[in-house]
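Q: Could you walk me through this structure? Short answers are fine.

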Protein chains: 2
Amino acid sequence: MIETEFRRPVVTVDIVMLTPCRGELCVALLPRPNEPFADQPALIGGYIHTDEDLSAESAVRRILKAKAGIGDIFFEQLQTFASATRDPRDWSVSIAYFALLPEGWLEDPEGPLLLRPATSPGQLPFDHNEIIAIALERLRNKGAYSTIPARLLPEVFTMTELLAIYQTVMGERLDQSAFRRKVRELDLLEEIEGEKRRTESARRPTTLYRLKRPMSVFDRRL
Amino acid sequence: MIETEFRRPVVTVDIVMLTPCRGELCVALLPRPNEPFADQPALIGGYIHTDEDLSAESAVRRILKAKAGIGDIFFEQLQTFASATRDPRDWSVSIAYFALLPEGWLEDPEGPLLLRPATSPGQLPFDHNEIIAIALERLRNKGAYSTIPARLLPEVFTMTELLAIYQTVMGERLDQSAFRRKVRELDLLEEIEGEKRRTESARRPTTLYRLKRPMSVFDRRL
DNA sequence: CTAATAGTGTCTTTTAGACAGTATGCC
DNA sequence: GGCATACTGTCTAAAAGACACTATTAG
């Protein structure tokens with residue numbers, strides 16, 4: 001049987017960009033330039049440009065660069081939202097991604113980007129609230145079993161900062177001693193020789209670490 | 001800025017249908033009716049019909065019914081494959097799903113469906129080998145922490161069958177005693193009162209169970 | 001009785017969690 | 001010395017894994 005050609009859906013990518021701010025996870029939003037929902041904050045996203053994007057991932061990189069001025073950042077495919085009703089204009093497919101950025105890397109007070117608490121971003125257009133909720137759930141689920149949360153920190157960090165970011169991601173208190181033990185046993189970190197840092201409030205200087213591998217997945221829970 | 005409209009990619013769904021056969025997991029393939037790769041076995045899939053499908057999930061149900069004669073079956077979104085090169089004809093988006101079916105529910109010797117070992121399905125067109133590999137990995141990862149593998153069994157099953165299907169999915173031997181203990185502690189199963197079954201070879205009749213909830217996710221590993 | 005699968009009990013090792021205690025260095 | 005944070009040690013409890021043991025019933 002020969003399949004007749006159907007009217008094609010429109011295909012976009014949407015990016016849940018998460019970054020720590022004020023002790024919680026925030027999502028970056030951008031006021032929409034056009035109708036529908038013009039001027040309302042929404043996820044960073046855009047059409048796939050079939051004439052220049054080689055893949056959905058390339059489209060994500062292009063859009064992050066163009067709309068948020070960000071290059072070379074961790075992102076991962078989340079889920080695809082595809083239905084006749086999610087966009088009032090047309091049958092629409094959104095390939096959703098989540099991206100992680102260290103605190104402060106986004107703060108351009110002149111720029112149009114908004115940071116809103118990820119758990120309460122306000123009411124957003126389309127199914128963007130649902131997409132953010134699923135992104136948070138995914139980050140939580142994968143977070144405990146991988147070094148993904150470390151992508152929310154700069155390359156060099158202290159054990160306390162690492163613990164804090166895991167707590168933020170997981171939304172629960174973790175025991176410091178057990179956390180250090182597990183990190184040691186899983187051999188995740190490389191100590192930065194000789195270097196120490198003093199925080200403003202701390203008396204004792206603290207050891208600095210970086211990840212041994214850009215990304216580790218494990219069986220045990222951190 | 002107003003985004004010009006771009007030529008839209010073609011959007012399909014592809015389904016990795018897995019079912020136990022001959023002690024391992026097999027994937028259902030269908031010879032392609034048209035070019036490209038006409039007559040070569042490939043994943044069950046098809047275009048999204050924007051005029052009749054309300055969502056990608058509806059398209060999956062429609063395609064499963066039309067191409068494999070299957071209705072009302074467990075399936076879950078896997079990942080979306082989207083690039084300029086995966087289909088020689090055009091920029092193509094495939095929203096991939098994996099589906100699970102009990103052993104024997106597919107065996108229509110007259111039908112065109114083929115069953116091939118999921119770990120070695122032979123060389124398939126497009127990126128279908130990669131999609132199957134990712135489906136298996138996902139099933140393995142989620143399998144240990146959920147009752148998803150039970151969707152590969154009929155509604156009523158014995159503890160030994162459940163253990164066996166988890167072993168097939170996980171690709172490792174599991175201790176029977178520990179398995180029973182965990183299943184009991186997690187309170188997953190409902191005993192079918194009074195009913196017992198004798199298998200051909202077994203002497204002692206065995207208790208029959210069904211899942212208490214259609215789907216459970218847990219923290220512990222089964 | 002034996003064979004064959006169904007199902008239980010128990011011991012050891014590993015991992016998690018709680019929490020108290022020590023270490024360091026600035027004031 | 002006091003304070004605040006960095007880091008360690010130790011005890012307990014929960015879970016995982018190994019494996020031997022008992023139970024049931026057809027033949």
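**A buried aspartate, then the DNA**

A: Start with Asp53(B): Asp53(B) is buried, at a relative accessible area of 3%. Buried means under 20% relative accessible area, exposed over 50%, partly exposed in between (1.4 Å probe, protein chains only). This is a predicted model, where local features need pLDDT of at least 70, side-chain atom pairs count only at pLDDT 80 or more, and totals for chains, interfaces and linings use all residues. Residues are numbered from 1 along each chain as its sequence is written, chains are lettered from A and ligands numbered from 1 in the order in which they are written, and side-chain values use heavy atoms, leaving out hydrogens and water.

Q: Where is Asp53(B) found?
A: In the loop between strand E3 (41-47) and helix H1 (56-68) of chain B. Helices (H or I, at least four residues) and strands (E, at least two) are DSSP runs, numbered from the N terminus.

Q: Which side chain makes a polar contact with the side chain of Asp53(B)?
A: That of Arg62(B), at 2.8 Å. A polar contact is a pair of N or O atoms within 3.5 Å; within protein, one must be able to donate a hydrogen and the other to accept it, and residues adjacent in sequence count only if both atoms are side-chain atoms.

Q: What else touches Asp53(B)?
A: Not counting residues up to four places away in sequence, Asp53(B) touches residues including Ala84(A) and Trp91(A) from chain A, and Tyr47(B) and Ser58(B) from chain B. Contact means heavy atoms within 4.5 Å.

Q: New topic. How many residues surround DNA strand C?
A: 21, and the closest are Arg203(A), Arg220(A), Ser177(B), Arg180(B) and Thr207(B). A residue is near a strand if one of its heavy atoms lies within 4 Å of it. Sugar and phosphate make up 51% of the atoms of DNA strand C that come within 4 Å of the protein.

Q: Which side chain has a polar atom 2.3 Å from a base oxygen of DNA strand C?
A: Ser177(B). Arg181(A) also reaches a base: an N or O atom of its side chain is 3.0 Å from a base nitrogen of DNA strand C. For Ser177(A), the distance from a side-chain N or O atom to a base nitrogen of that strand is 3.4 Å.

Q: What gives the largest share of the surface near DNA strand C?
A: H4(B), with 4 residues. By class, that surface has 2 nonpolar, 7 polar and 12 charged residues. Ala, Val, Leu, Ile, Met, Phe, Trp, Tyr, Cys and Pro count as nonpolar, Asp, Glu, Lys and Arg as charged, and the others, Gly among them, as polar.

Q: And which residues are closest to DNA strand D?
A: Ser177(A), Arg180(A), Thr207(A), Arg204(B) and Arg220(B), out of 21 that surround this strand. A polar side-chain atom of Arg180(A) lies 2.6 Å from a phosphate oxygen of DNA strand D. Arg204(A) has a side-chain N or O atom 2.8 Å from a base nitrogen of DNA strand D. Here H4(A) gives the most to the surface, with 4 residues.

Q: Back to the protein. How many residues are in the largest nonpolar core?
A: 50. Among those with the most contacts inside this core are Met17(A) and Met17(B). A nonpolar core is a set of buried Ala, Val, Leu, Ile, Met, Phe, Trp, Tyr and Cys residues joined through side-chain atoms within 4.5 Å. A second, separate core has 44 residues, including Ala118(A) and Phe179(A).

Q: Which residues of H1(A) are buried?
A: Among them are Val60(A), Ile63(A) and Leu64(A). The buried residues of H1(A) pack against E1, E3, E4 and E5 of chain A, and against E4 of chain B. After H1(A) comes Gly69(A), with a positive phi near 65°.

Q: Where is Phe126(A)?
A: In the loop between strand E6 (114-117) and H2 of chain A. Its phi is near 50°, positive in a residue other than glycine. Most residues other than glycine have a negative phi, and most peptide bonds are trans.

Q: Which peptide bond is cis in chain A?
A: The one from Glu35(A) to Pro36(A), with omega near -5°. Pro36(A) lies in the loop between E2 and E3 of chain A. In chain B, the bond from Glu35(B) to Pro36(B) is cis too, with omega near -5°.
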